[in-house]
Amino acid sequence: MNPHAILIPAAGASRRMEGRDKLLEMVDGLPLLRRQAQRALEAGAAVLVTVPALDHPRVAALHGLPLRLVPVPDAATGMAASLRRGVACLPPGVRGLAILPADMPDIDAADIATLFARFDAADSALLVQATGGDGTPGHPVIFPADCLPALREVTGDTGGRTVVQANRHRLVRVPLTGARALTDLDTPEAWRAWRHANPGA
């Protein structure tokens with residue numbers, strides 16, 4: 001039984017990418033989604049990935065990885081659909097669930113391990129949120145088990161933000177170096193800027 005789980009929401013439509021799929025962009029020779037799933041697995045947690053459907057091209061990018069795929073037929077209703085369906089598929093005994101956006105290429109296994117270590121040090125009673133080096137709130141966010149029922153009730157496109165707000169009295173923020181907890185790539189412009197700053201990736 002693994003007390004840690006990571007949910008990677010990957011059922012969105014990449015609407016801002018002008019016809020390209022941001023999660024299939026190549027980074028370090030791999031589709032971004034596969035690279036991020038591998039990093040999540042390296043952190044030692046059970047990994048679930050939501051996808052639009054089980055015949056979607058993103059599924060092929062994850063072939064052979066020891067993770068659970070969760071189809072989200074209502075993905076068009078917003079990010080919350082991925083959270084609801086992902087939480088419903090968690091294995092028993094999970095004490096902490098990290099929500100890891102798939103389009104954040106600077107987050108690595110060591111970052112995830114750092115956040116889970118802080119979560120475990122609090123005996124799983126706190127929410128743990130990564131921030132930029134300047135303290136700006138970012139991702140991933142780890143939710144304790146008692147927040148999972150609330151995550152199964154979220155709606156719209158705000159993700160778990162309402163659950164974080166409702167539990168802000170027990171929210172701990174952990175800074176990660178630079179802007180790694182803030183950098184997400186959901187437009188062609190963001191990809192160009194990131195590739196310029198990370199030549200060869």
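This briefing walks through one helix, one of its buried residues, an aromatic pair and the cysteines. Keep in mind that the model is predicted. Much of what follows centres on helix α4, which runs over residues 109-121. After that come Trp191 and Trp194 of helix α7, and then Cys89 and Cys147.

**Helix α4 from end to end**
- With 13 residues, α4 reaches 18 Å from its first C-alpha to its last, close to the expected 18 Å.
- At the N-terminal end, α4 is capped by Asp108, which has a side-chain oxygen 3.2 Å from the backbone nitrogen of Ala110.
- Past the helix comes Asp123, and its phi is positive, near 55 degrees.

**The buried side of α4**
- The buried residues in this helix are Ala109, Asp111, Ile112, Leu115, Phe116 and Phe119.
- They sit on the same side of α4, because they cover an arc of only 160 degrees around the axis.
- Quite a few elements help cover them: among the strands are β1 (4-9), β6 (96-99), β7 (127-131), β8 (137-144) and β9 (171-175), and helix α1 (32-42) joins in too.

**A closer look at Asp111**
- Asp111 belongs to helix α4, and its relative accessibility is 9%, so it counts as buried.
- Its side chain has a partner: a polar contact of 2.8 Å links it to the side chain of Arg180.
- Setting aside neighbours within four places in sequence, Asp111 touches Asp106, Leu176 and, once again, Arg180.

**Two tryptophans in α7**
- You'll find one aromatic pair in the structure.
- That pair is Trp191 and Trp194: the ring centres are 6.2 Å apart and the planes meet at 80 degrees, so it counts as edge-to-face.
- Both residues lie in helix α7 (residues 188-197), and because they are three residues apart, about one helical turn separates them.
- In general, an α-helix has 3.6 residues a turn, so residues three or four places apart point the same way.
- Trp191 and Trp194 are both buried.

**Cysteines without a bond**
- The disulfide count is zero.
- For Cys89, the nearest cysteine sulfur is the one in Cys147, 19 Å away, and Cys89 is in no disulfide.
- Cys147 is in no disulfide either, with the sulfur of Cys89 as its nearest at 19 Å.
- A disulfide needs the two sulfur atoms within 2.5 Å.
- Cys147 is also buried, because its relative accessibility is 2%.

Terms used: Residues are numbered from 1 along each chain as its sequence is written. This is a predicted model: local features need pLDDT of at least 70, side-chain atom pairs count only at pLDDT 80 or more; totals for chains, interfaces and linings use all residues. Side-chain values use heavy atoms; hydrogens and water are left out. Buried means under 20% relative accessible area, exposed over 50%, partly exposed in between (1.4 Å probe, protein chains only). Helices (H or I, at least four residues) and strands (E, at least two) are DSSP runs, numbered from the N terminus. The expected span of a helix is 1.5 Å times one less than its number of residues. The arc is that of the directions from the helix axis to the C-beta atoms. Contact means heavy atoms within 4.5 Å. A polar contact is a pair of N or O atoms within 3.5 Å; within protein, one must be able to donate a hydrogen and the other to accept it, and residues adjacent in sequence count only if both atoms are side-chain atoms. Rings of Phe, Tyr and Trp (its six-membered ring) pair if their centres lie within 6.5 Å; planes under 30 degrees apart count as stacked, over 60 as edge-to-face and the rest as tilted.
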